Amino acid sequence: MTKLAVGQRAPDYQFNTLAGESVALSDTWRKGNHTLLIFLRHLA
Amino acid sequence: MTQLAPLHQEFAALNTQVFTVTFGHPYWAQAWLQETQSPFPVLLDPTQEVYRLYGLDHSAVRSWSVKTLLYYARALMRGEKLIEKRGDTHQLGGNFIIDNQGVVQFVYPSRDPTDRPTIAAMMTVLKRLQPTS
């Protein structure tokens, strides 16, 4: 599996949210915001 | 996550959108949201495609290491309630910071279920990304 490294372009992705919206990571960047992504483990 | 939630205004001041990503079923994600009261939007990745895109590991050995079992044992001794498993227990998590140009600035794939970066480490990166006056 390819590992991401600092300095690489981040993979963009169009997500559905739990609130029922559709969000692309690049939408956040276009608005001038940085992104902190927290990938959870299983929900225990 | 409970440590990050009180900082949501600080993240906003740093022009940072925080997202949590889960592969869990929306029913359990909603239950988790109610339990944690996390202020951050929850993004759904039911096929774990984005976990793979971001290079996060899937490991039975590291998910159930002695360190992990001790972590859960200590939590039980503190009186914390463990919830039944809700999905793939071998998928590891991680934290990433991406700047507003779409470039990765911080990479922290968890080595085991108890492993997360410090808040200080993430704040240092986010503060470095702020425009200088």
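Two residues count as in contact here if their C-beta atoms, placed from the backbone, lie within 7 Å. With that in hand, 57% of the contacts in chain B with a separation of 6 or more come from residues 24 or more positions apart. Keep in mind that this is a predicted model.

**Chain B at a glance**

Let's start with chain B. Its secondary structure comes to six helices and four strands, and along the sequence the pattern reads α-β-α-β-α-α-α-β-β-α. The C-alpha trace spans about 50 × 30 × 30 Å along its principal axes. Of the 133 residues in chain B, buried ones make up 25%.

**Where the chains meet**

On the chain A side, 35 residues are in contact with 57 residues of chain B. Three elements of chain A each give two or more residues to that side: strand S1 (14-17), helix H1 (25-30) and strand S3 (34-39). S3(A) gives the most, with six residues. Sorted by class, the side of chain A that touches chain B has 19 nonpolar, 12 polar and four charged residues.

**One sheet from two chains**

The two chains also share a sheet. It is open, has seven strands, and goes S2(A)-S1(A)-S2(B)-S1(B)-S3(A)-S3(B)-S4(B), with mixed pairing. At the edges sit strand S2 (22-24) of chain A and strand S4 (104-109) of chain B, each of which pairs on one side only. From one strand to the next, the twist averages 30 degrees. Helix H6 (residues 119-128) of chain B packs on this sheet, touching S3 of chain A along with S1, S3 and S4 of chain B. The direction of H6 makes about 10 degrees with that of S3(B).

Here are three of the strand pairings, with an example residue pair for each.

| Strand pair | Bridges | Direction | Example pair |
|---|---|---|---|
| S3(A) and S1(B) | six bridges | parallel | A:Thr35 and B:Gln17 |
| S3(A) and S3(B) | five bridges | antiparallel | A:Phe39 and B:Gly94 |
| S1(B) and S2(B) | three bridges | parallel | B:Val21 and B:Leu43 |

So S3(A) has a chain B strand on either side in the strand order, S1(B) and S3(B).

**S3(A), hemmed in**

How many of the six residues of S3(A) are buried? Six of the six are, so the strand is largely enclosed by the rest of the structure. In a regular strand the side chains alternate between the two faces of the sheet. Here A:His34, A:Leu36 and A:Ile38 point one way, while A:Thr35, A:Leu37 and A:Phe39 point the other, and all are buried. Take A:Leu37 as an example: leaving aside its neighbours within four places in sequence, A:Leu37 is in contact with B:Phe19, B:Val21, B:Asn95 and B:Phe96.

**The nonpolar core**

The largest nonpolar core has 27 residues. Which of them touch the most other members? They are A:Leu36, A:Leu37, A:Ile38 and A:Phe39 from chain A, plus B:Val21, B:Phe96 and B:Ile97 from chain B. Elements giving two or more residues to this core are H1 and S3 of chain A, together with S1, helix H2 (26-36), S2, S3, S4 and H6 of chain B. The largest share, four residues, comes from S3(A).

**Two positive phi values**

Now for a couple of backbone oddities. Most residues other than glycine have a negative phi. B:Asn15 goes the other way, with a phi near 50 degrees. Its place is in the loop between helix H1 (8-13) and S1 of chain B. Is B:Asn15 buried or partly exposed? B:Asn15 has 17 other C-beta atoms within 10 Å, so it counts as partly exposed; being buried would take 20 or more.

B:Gln48 is the other case, with a positive phi of about 60 degrees although it is not a glycine. B:Gln48 is found in the loop between S2 and helix H3 (49-53) of chain B. With 17 C-beta neighbours inside 10 Å, B:Gln48 is partly exposed.

Note on methods: Residues are numbered from 1 along each chain as its sequence is written. Chains are lettered from A and ligands numbered from 1 in the order in which they are written. This is a predicted model: local features need pLDDT of at least 70, side-chain atom pairs count only at pLDDT 80 or more; totals for chains, interfaces and linings use all residues. Ala, Val, Leu, Ile, Met, Phe, Trp, Tyr, Cys and Pro count as nonpolar, Asp, Glu, Lys and Arg as charged, and the others, Gly among them, as polar. Two strands pair if DSSP finds at least two bridges between them. Axes are lines fitted to C-alpha atoms, for helices over the stretch in contact, and angles run from 0 to 180 degrees between N-to-C directions. A residue is buried if 20 or more other C-beta atoms lie within 10 Å of its own, exposed if 12 or fewer, and partly exposed in between; C-beta atoms are placed from the backbone. A nonpolar core is a set of buried Ala, Val, Leu, Ile, Met, Phe, Trp, Tyr and Cys residues joined through C-beta atoms within 7 Å.
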